[in-house]
Amino acid sequence: MAFDYDNGRDTLNSTLNERDLTSYVTNISPKESPLYSLLGRTTAVARQKESITDVLQAANKDNALIEGGLLTTVSTSADRGTESNWLQIFSKTIEVSGTQEAVMKYGGITSELAYQIELRYTELATDIEDALINGTGATGTTAAGRKMYGLLAKITTNTATAASANAQWTGTATADLFNFEELLITMLQQGFTTGISFDTILVGGTAKRRISRLSTKLTMNIDAVEKKSVMVISTYESDFGEVSIILDRYVPSTTIIGLKLQMFKVAYLRPFAQEALAKVSDSKLVNVLGELTLAFDTQKAASKLVFQ
């Protein structure tokens with residue numbers, strides 16, 4: 001006898017059966033911020049962070065004073081310069097109604113307000129990560145906030161471009177990979193030429209896969225538990241030193257950034273803090289705010305290779 005769907009009871013037409021929900025919440029959005037986590041911290045005292053730079057005269061093999069010669073010839077001395085970046089105010093405001101805070105909630109959440117604040121802190125970290133790399137910079141007006149310059153906007157000395165349509169970017173033949181590696185080494189050499197050896201490379205997913213194809217520099221790791229061989233490049237050793245390869249989703253897919261990590265820092269005028277705002281309705285209102293920028297000794301401490 002077939003089931004009587006009109007008069008019988010089944011789950012298809014029952015609305016008050018207990019729901020089988022997890023006792024936790026799974027966040028399915030990207031939340032890593034590797035550069036922000038790696039950079040050191042320093043302080044700021046104004047809305048613009050500045051560093052003072054100076055240069056040496058080029059080495060001169062012919063610097064030879066004649067015996068008994070006069071000492072009155074004054075060596076060339078250049079004026080010192082500055083490099084700067086604007087501080088950016090990062091802010092998130094959270095509002096939760098009194099009822100939502102009080103009711104029982106699925107997912108192991110006891111306080112909606114605390115849960116939302118935690119989410120906003122994670123979002124702020126990814127906002128900062130994006131700005132540290134891709135920030136375009138703005139002085140700020142009464143209608144628009146100040147914005148920091150990110151690495152890509154600030155790097156002006158050590159730059160190189162290559163055609164993304166060429167086999168050096170897309171090809172898998174040994175010659176193609178060799179040409180790609182030559183471009184990578186040239187980028188690292190730019191730092192050496194300007195007097196700074198890079199120790200870190202930031203790449204997106206596409207460039208990371210490209211670097212992992214460089215079999216001549218590949219390290220074979222053996223997972224003792226799984227008994228699997230894993231081919232990865234987490235560090236790359238070139239003629240100009242060893243560099244760590246950092247995967248960062250905010251680096252454009254056709255861009256590679258090299259830098260001396262210790263010469264870049266996050267400078268805080270106001271470290272992040274949360275403040276309860278005035279109560280004007282049956283809700284709790286909290287703001288999380290911080291003011292900071294990408295501080296650097298000199299933009300020459302970084303380089304970028306862009307495939308166009």
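1. Let's start with the surface. The chain exposes about 19200 Å², and 52% of that comes from carbon and sulfur atoms. Keep in mind throughout that this is a predicted model. As for the inside, 37% of the chain's 308 residues count as buried.

2. Next, the overall layout. You'll find seven helices and 16 strands in the chain. If you take the contacts between residues at least 6 apart in sequence, 76% of them join residues at least 24 apart.

3. One sheet to look at is an open one with four strands, in the order β1-β14-β15-β4, and its pairing is mixed. At the edges sit β1 (40-43) and β4 (88-97), each of which pairs on one side only. From one strand to the next, the twist averages 35°. As a general reminder, the strands of a sheet pair through backbone hydrogen bonds, and this can happen in parallel or antiparallel fashion.

4. Which strand does β4 pair with, and over how many bridges? The partner is β15 (residues 283-296); the two run antiparallel and are joined by ten bridges. If you want a spot to check by eye, find Gln88, whose bridge partner in β15 is Leu292.

5. This sheet also has a helix lying across it. Helix α3 (residues 112-134) lies across β4, β14 (264-276) and β15. Relative to β4, helix α3 runs at about 160°.

6. Now for another helix, α7 (residues 205-212). Which of its residues are buried? They are Ala207, Lys208, Arg210 and Ile211, so a lysine and an arginine are on that list. Looking down the axis of α7, the buried residues fall within an arc of 160°, and therefore they line one face of the helix.

7. What covers those buried residues of α7? The cover includes two helices, α5 (167-170) and α6 (174-193), along with the strands β8 (200-203), β12 (241-247) and β13 (255-259).

8. Two of the covering strands, β8 and β12, are themselves paired: they run parallel and are joined by four bridges. Here Thr200 stands opposite Ser244 in β12.

9. Strand β12 also pairs with β11 (residues 235-238), this time in the antiparallel sense, over four bridges. Tyr236 has Val243 of β12 as its bridge partner. Together β11 and β12 make a hairpin, with two residues between them. So that you can picture the side chains while you browse: in a regular strand they alternate between the two faces of the sheet.

Notes
Residues numbered from 1 in each chain as written. Predicted model: local features only at pLDDT ≥ 70, side-chain atom pairs only at ≥ 80, totals over all residues. Heavy atoms only, no water. Buried < 20%, exposed > 50% of the residue type's maximum accessible area, 1.4 Å probe, protein only. Contact = heavy atoms within 4.5 Å. Areas by Shrake-Rupley, 256 points an atom, 1.4 Å probe, with all protein chains shown as cover. Pairing = 2+ DSSP bridges. Axes fitted to C-alpha atoms, helices over the stretch in contact; angles between N-to-C directions. Arc of directions from axis to C-beta.
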